[in-house]
Amino acid sequence: LQPTGFMDATIRMAHSGNEHALNMEIIPTELVVSNDDASMTLARSSGSLVIENTDVFLNDLLFLLEEDDVQMGELEIAGSVHGLEKTFTLDINADWKNAAVGSPLSRAITGIVGGDSGLKYFDSLKPTGTAEASLHAHGNSESVAYSIDVIPSILSATFSDRQAVAVFTNE
């Protein structure tokens with residue numbers, strides 16, 4: 001992913017005897033996700049990230065995505081991770097509206113899910129187009145379930161040096 005960016009943070013730490021407390025509010029003002037030849041900027045429109053000891057709360061984060069001054073959609077993330085090993089739980093929802101299929105963020109997600117072979121296949125397809133995408137991750141220390149929905153509007157990919165284009169409608 002090669003992430004970089006800027007954030008504002010308020011950090012509070014307390015220590016009394018054997019008790020430790022941590023509270024942070026993080027406002028990620030701008031994030032940049034890069035790959036070898038492209039980068040995508042995620043500019044925060046609203047929301048914050050709050051850390052309370054071992055728990056993380058994603059409070060209605062909304063990012064506007066842009067690559068080379070071209071809009072690449074909106075990414076909204078909400079949910080929580082309760083991080084104690086004994087009581088670990090995860091509940092995160094993410095929605096990407098007007099998702100750019102061939103963007104550096106799409107490529108990075110493909111790499112996370114599919115590893116090097118997924119990246120090689122993604123690069124060979126040279127995908128373009130737009131879609132609506134959502135992710136729901138829910139679970140605990142025993143198992144985590146993922147639900148991913150992708151609803152394309154237009155897709156283009158290269159197969160055997162030929163480009164295929166598909167346009168999807170609600171009809």
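Two strands count as paired if DSSP finds at least two bridges between them. That criterion underlies the strand pairings in the legends below, which describe a predicted model.

**Figure 1. Overview of a protein with one helix and nine strands.** The model is predicted. Along the sequence, the elements follow the pattern β-β-β-β-β-β-α-β-β-β. The C-alpha trace spans about 70 × 35 × 35 Å along its principal axes. Of the 171 residues, 29% count as buried. The exposed surface comes to about 11,100 Å². Carbon and sulfur atoms supply 54% of that surface. Take the contacts between residues at least 6 apart in sequence: 41% of them join residues at least 24 apart.

**Figure 2. The open sheet of nine strands.** The strand order is 1-2-3-4-5-6-7-8-9, and the pairing is antiparallel. Strand 1 and strand 9 (162-167) are the edge strands, each pairing on one side only. From one strand to the next, the twist averages 15°.

**Figure 3. The hairpin of strand 1 and strand 2.** Strand 1 covers residues 4-16 and strand 2 covers residues 19-34. The two pair in the antiparallel sense, over 13 bridges. T10 faces its partner across this pairing: E25 in strand 2 stands opposite. Two residues lie between the strands. G17 sits in the turn and has a positive phi of about 60°.

**Figure 4. S48 in strand 3, with its contacts.** S48 has a relative accessible area of 7%. It is buried, because the cut-off for that class is under 20%. The S48 side chain makes a polar contact with the side chain of E25, at 3.4 Å. E25 is also the residue of strand 2 that stands opposite T10. Residues up to four places away in sequence are not counted in the contacts of S48. On that basis S48 touches E25, I26 and I27, along with F57, L58, N59 and L61.

**Figure 5. Pairing of strand 5 and strand 6.** Strand 5 spans residues 70-82, and strand 6 spans residues 89-100. Nine bridges join them in the antiparallel sense. G79 stands opposite I92 in strand 6. I92 also appears among the contacts of I77.

**Figure 6. Q71 in strand 5.** Q71 has a relative accessible area of 52%. It is exposed, because that class starts over 50%. Neighbours within four places in sequence are left aside for its contacts; L65 and E66 then remain. What separates the C-alpha atoms of Q71 and N98? The separation is 8.9 Å, between residues 27 apart along the chain.

**Figure 7. The largest nonpolar core.** In soluble globular proteins, nonpolar side chains tend to be buried together. Here, the largest core has 24 residues. Those with the most contacts inside the core are L42, F63, L65, L75, I77 and L105. Strand 2, strand 3, strand 4, strand 5, strand 6 and helix 1 each supply at least two of its residues. Which element gives the largest share? It is strand 6, with six residues. L65, listed above for this core, is in contact with Q71 as well.

**Figure 8. Contacts of I77.** I77 is one of the core residues with the most contacts inside it. Leaving aside neighbours within four places in sequence, I77 is in contact with L58, D60, L61 and F63. I92, N93 and A94 complete the set. L58 and L61 also touch S48.

**Figure 9. Helix 1 lying across the strands.** Helix 1 covers residues 104-125. It lies across strand 2, strand 3 (39-52), strand 4 (55-67), strand 5, strand 6 and strand 8 (144-159). Relative to strand 8, the helix runs at about 50°. Helix 1 also supplies at least two residues of the largest nonpolar core.

**Figure 10. N53 in the loop between strand 3 and strand 4.** N53 is not a glycine, yet its phi is positive, near 55°. Is N53 buried, exposed or partly exposed? Its relative accessibility is 42%, so it counts as partly exposed.

**Figure 11. S160 in the loop between strand 8 and strand 9.** S160 has a positive phi of about 50°, although it is not a glycine. At 72% relative accessibility, S160 counts as exposed.

Key:
Residues are numbered from 1 along each chain as its sequence is written. This is a predicted model: local features need pLDDT of at least 70, side-chain atom pairs count only at pLDDT 80 or more; totals for chains, interfaces and linings use all residues. Side-chain values use heavy atoms; hydrogens and water are left out. Helices (H or I, at least four residues) and strands (E, at least two) are DSSP runs, numbered from the N terminus. Buried means under 20% relative accessible area, exposed over 50%, partly exposed in between (1.4 Å probe, protein chains only). Contact means heavy atoms within 4.5 Å. Axes are lines fitted to C-alpha atoms, for helices over the stretch in contact, and angles run from 0 to 180 degrees between N-to-C directions. A nonpolar core is a set of buried Ala, Val, Leu, Ile, Met, Phe, Trp, Tyr and Cys residues joined through side-chain atoms within 4.5 Å. Accessible areas come from the Shrake-Rupley method with a 1.4 Å probe; for residues, only the protein chains shown count as cover. A polar contact is a pair of N or O atoms within 3.5 Å; within protein, one must be able to donate a hydrogen and the other to accept it, and residues adjacent in sequence count only if both atoms are side-chain atoms.
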